[in-house]
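Trainee: I would like to go through this structure by question and answer. Please take the helix first, then the aromatic pairs.

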Amino acid sequence: MDNLSKRLLQASCALALTTAVTTSAQAQSTRKDLQTGNKLFNQENYRASIPYYERVLAKDPNNATALFRAGVAYLAFDKEKASDYIYKAQKLKPKVSKDVEYWLGRVDHLNYNFDEAITHYQAYNATLKKKNDTRREEVAQLIQHSKNAKILFNSPKDIFVKNLGPTVNTQYSEHSPVISSDDKTLIFTTRTNPADIPGLQRATGKKAIAADGEYYEGIVETKRLDAENWDKPRSLSATLNSKGHDASIQLFDNDTKLLMYRSDEDGDLFVATKQSGGDWGAPDKLNSNINTKRFESDAYITPNGLTLYFSTNRDSEDGNLDLYTSTRTSTTSDWGPAKSMGSTINTKFDEDSPYLSRDGKTLYFSSRGHNTMGDYDVFKSQYDSIGHKWGRPENMGYPINTPDADSYYRLAPDGSYAYLSSYRIGGYGEKDIYTINYIKNATIKGTVFSKRDSTQAIPGVELVFSGTQADKTAISFRDVTKTPGGDYQVSLLSGRTYQVAVNKDGKNIETQEFAVPISTNDSTTITKNFYVNYIDTTQNLNSQFAKIYFDTDKYKLRPESVKTLWNTAVILKANAGVNISIEGHCDSRNTDEYNMVLGQNRADVAKNYLIKQGIASTRLTTVSYGERRPAAPNDSPENMQLNRRDEFRVVLKEGETMPVIQPVAPTTTTVVAPTPTAPLPGKSKVKMADGTKVKTKVDEDSDKVKVKTKGAAGEKSKTISKDGELDSKAKDASGEKAKVKTKAE
C-alpha cells in the first residue's frame, strides 16, 4: 500500500473512532462493533475488521461510516465489493470522509475504470489547500498510473494468464513461486492458515497472528500431478519455517540449495542446503555485504553462482527498495561489496523481485516506478553487451500486468512459459499464483462439403479466416480447398473467434463463425469441416474432360493423349459457350521451382494442340500447380504416374451461370476431325517455343493431313489423318516407339 493510502487510513480511522464514541443515537452494541472495527482497521488488520463492520451493516444497512470503512478494508480482498460499498457510502453521505474522492479513485482504478479514477483524483487534489502539500505529488503519480494503465490495457498482448487453481491458491496470499529444474515440484510462499497445511503448524508452532492480522508467511511445496493439476501442498521442512515470516526465492545448484527470505533483523536473505537424506538443513544467512539492519527482500543468483541480484532499502531515506548486485570469485567464496544497479533500473519508488533469463541477457523485475499500471508491475531490461549496461526497462504489458500488484515473475525451466504472483479480479482472494503463456498458432484443417449432400466435397472453395489480435489489429488467413478431396489447411492465431468467408468462383457463398480455443504450443491441430449451401455442378461438367498423362520429366503428348485432346476439342466445338482452364501437374521427383515450370509446359502443350484444332485461345487458360496438388501420394511409381497429368476445368466468368454441356460421345476407335475447322490446303512449317519443329501438309484434292514433328532432343512423330482414319507413329529421345491407328466406322 502506498504512503498516501496509509496516512489517509490512519486519519480517517481516528475520525471514525471519535464519531462512534460521541454518537449517542446508536445502540451500544453497534457502537462497540464499530469501535472494534476501527481499532483493527487502524492497525492495518483489515481482514479482521471486516466482520465487525458487517455486523454494524446487518443492523444498519445504510450506515455510511461502516460502509465506507468496510469498502476500504475490502480493497485487499474483493475489489468489486469495495467499489460497491464506497460508492454506496458516498451516495448516502457525500462527505462521509474528506478523503472519499481519493478512495473512489482507488476503487475505480483497480476496477479498470481509468477515466473515472482520474476524475476522482483530480477532485481530491482540488481539496488540498496547501501548495506544498506532499500529497499532491502522490496524487499526480496516481493520475499517471491511471493514464499508463489506460494505454497498456487498450494495447493488450496475446497472452494467456491462468490461475493455478484452488489446490495451490487460497483466500489468503500466495506468492514467490519457485519451480524445480524438472518442472515437477513447485515451492511457494503462503499466508494461509498453517493448520490447513500438513506439517506446517506442527513444524513451526505458527499459531500467532502477525501484526497486520494475517497469518505468518510459510514455505510449502506441491508436486505436479499432470499438466493442469497439483497435489495438496505440504510443509517443505521444519528447519525452513521459523516462528516469523519465511519466503521462498530460488532453487539453484541443481536444486540442492534454496535461496530464501526470513524476517530476521527487519528482513534478511538466507541459503539452505539439501542434506543427504533429502531434508533441508538450517538456513545460513548471507554475509554483511548483502544483509544489513535494513530490509532485504528478494534476490536471484545467476546459474554460474557468481553474481547475486537483490533488493534492499539500505541507502533509502524513505524506505523504498532498490536493486543491487554483488559478485564473488567462486561458488565457495563469500559475496563482495554490493553495488546499486543505477538510475536506469532504480527509481525513487520500490524495485523488487529480480530475475534473469538463463542466458543472462534479460533482467525481469517488479517496480512501482517507471510506467507502471499501478502498484507493482513486471518490467524487463535487455543487456547491452557492447555498452556493458542494462537498457531502459520495458513494461511487460497487459494482461501480465494489471492495475494492482504483479510480481515474482519466474520462467519455467524450458523458458516456454512463466509463473507470476498477482492480485487480480477473478482470483481466490489476495495474491494468487498464475502461469503466463504466449498464445500460439493452431493448425485448422478439414473439408468443405455441400450441405445438401454431406458426402460431396467441393474443391476450389476459398476460405478466408478474419479476426483480430488482442490489441484489435486485424488479421486474416486463407486457403483454397484442394482437388479432388475438397480439403484445406491453414495455420492461424488461436484463442479467438474468426469470421470465415466461404467463397467460390469469386463469389461469397456464406460467412460462418468459428471459435478457435487457446493453444499455448505450436503443435495443436483442430479439424473443422464446413457445410455450405452450394452444389458443385462443375464436377459433372469437368468429368466430361478426361485427364491426360505424361512420362517422367516430359511434357510431350503421348499418342493416347492426342486422342483424348481430340475428344476435348470436339466437346468444346459443340459447346461454344464453355471455357476451360488447363492445369499442369507433376510428381515430386524434382524441386518445386523446376516442377512449376514443367507443369506450365504440360499445360501449354495441351493448349497449343487445342488451338491447332480450331479452339480459340481466348477460351483456354493455363495454370501450373507443379507438385503442390497431388492426386495421390508420391510413394510408388503408379501413384507418381497419376500425378504427372493435365486436368481440364470449366471456367465461369463473373456473372455467368453454369452452362449445360451438350453431351458428345468420346471416340473409342474413331477420331473424327471437326469439319468447321478443316485446315487449308498447302504446306507449313512452325517452330515451337520449346524448339519443336512442326511440318504440316494438306492435300488439295482430299482431306488427307500429314503432320511431322521433331523435338530438340531428337524425339519424332508422324501423324496422317484421312477420311476419319488416323495413323500415328512416335519415337522419343531414348528410341522407344509407339503407334496409334484408328479406322472410321
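Mentor: Contact here means heavy atoms within 4.5 Å. Bear in mind that the model is predicted.

Trainee: Which elements are included in what covers the buried residues of α5?

Mentor: Helix α5 runs over residues 79–92. Its buried residues are K79, A82, S83, Y85, I86 and A89. What covers them includes α3 (46–59), α4 (64–74) and α6 (100–110).

Trainee: How far does α5 reach from its first C-alpha to its last?

Mentor: The helix has 14 residues. At 1.5 Å a residue, 20 Å is expected. The reach in the model is close to that, at 20 Å.

Trainee: Is S242 buried or exposed?

Mentor: S242 lies in the loop between β5 (234–235) and β6 (246–252). Its relative accessible area is 19%. Buried means under 20%, so S242 counts as buried.

Trainee: Which backbone nitrogen does the side chain of S242 reach?

Mentor: The partner is in G244, and the distance is 3.2 Å. A polar contact requires N or O atoms within 3.5 Å. The atom reached by the S242 side chain is the backbone nitrogen of G244.

Trainee: How many aromatic pairs are there, and what is the class of the pair Y364 and Y409?

Mentor: The count comes to 26 aromatic pairs. The ring centres of Y364 and Y409 are 4.9 Å apart, with the planes at 35°. Planes under 30 degrees apart would be stacked and over 60 edge-to-face, so this pair is tilted.

Trainee: How many residues apart in sequence are the parts that this pair ties together?

Mentor: Y364 lies in strand β15 (residues 362–367) and Y409 in strand β19 (residues 406–411). Y364 is buried at 11% relative accessible area, and Y409 is buried at 5%. The parts tied together are apart in sequence by 45 residues.

Trainee: What angle do the ring planes of F465 and Y488 make?

Mentor: F465 is buried at 0% relative accessible area, and Y488 counts as buried at 3%. Their ring centres are 6.2 Å apart. The pair is tilted because its planes are at 35°.

Trainee: Which residues do ring pairs link into a cluster with F465 and Y488?

Mentor: F465 is in strand β24 (residues 461–468) and Y488 in strand β26 (residues 487–493), 23 residues apart. Ring pairs link both into a cluster with F477, Y498 and F530.

Trainee: Which residue has its charged end over the ring of F530?

Mentor: F530 belongs to the cluster just named. The charged end sits 5.3 Å from the centre of the F530 ring, and the residue is K528.

Conventions. Residues are numbered from 1 along each chain as its sequence is written. This is a predicted model: local features need pLDDT of at least 70, side-chain atom pairs count only at pLDDT 80 or more; totals for chains, interfaces and linings use all residues. Side-chain values use heavy atoms; hydrogens and water are left out. Helices (H or I, at least four residues) and strands (E, at least two) are DSSP runs, numbered from the N terminus. Buried means under 20% relative accessible area, exposed over 50%, partly exposed in between (1.4 Å probe, protein chains only). A polar contact is a pair of N or O atoms within 3.5 Å; within protein, one must be able to donate a hydrogen and the other to accept it, and residues adjacent in sequence count only if both atoms are side-chain atoms. The expected span of a helix is 1.5 Å times one less than its number of residues. Rings of Phe, Tyr and Trp (its six-membered ring) pair if their centres lie within 6.5 Å; planes under 30 degrees apart count as stacked, over 60 as edge-to-face and the rest as tilted. A charge sits over a ring if NZ of Lys or CZ of Arg is within 6 Å of the ring centre and within 35 degrees of the ring normal.
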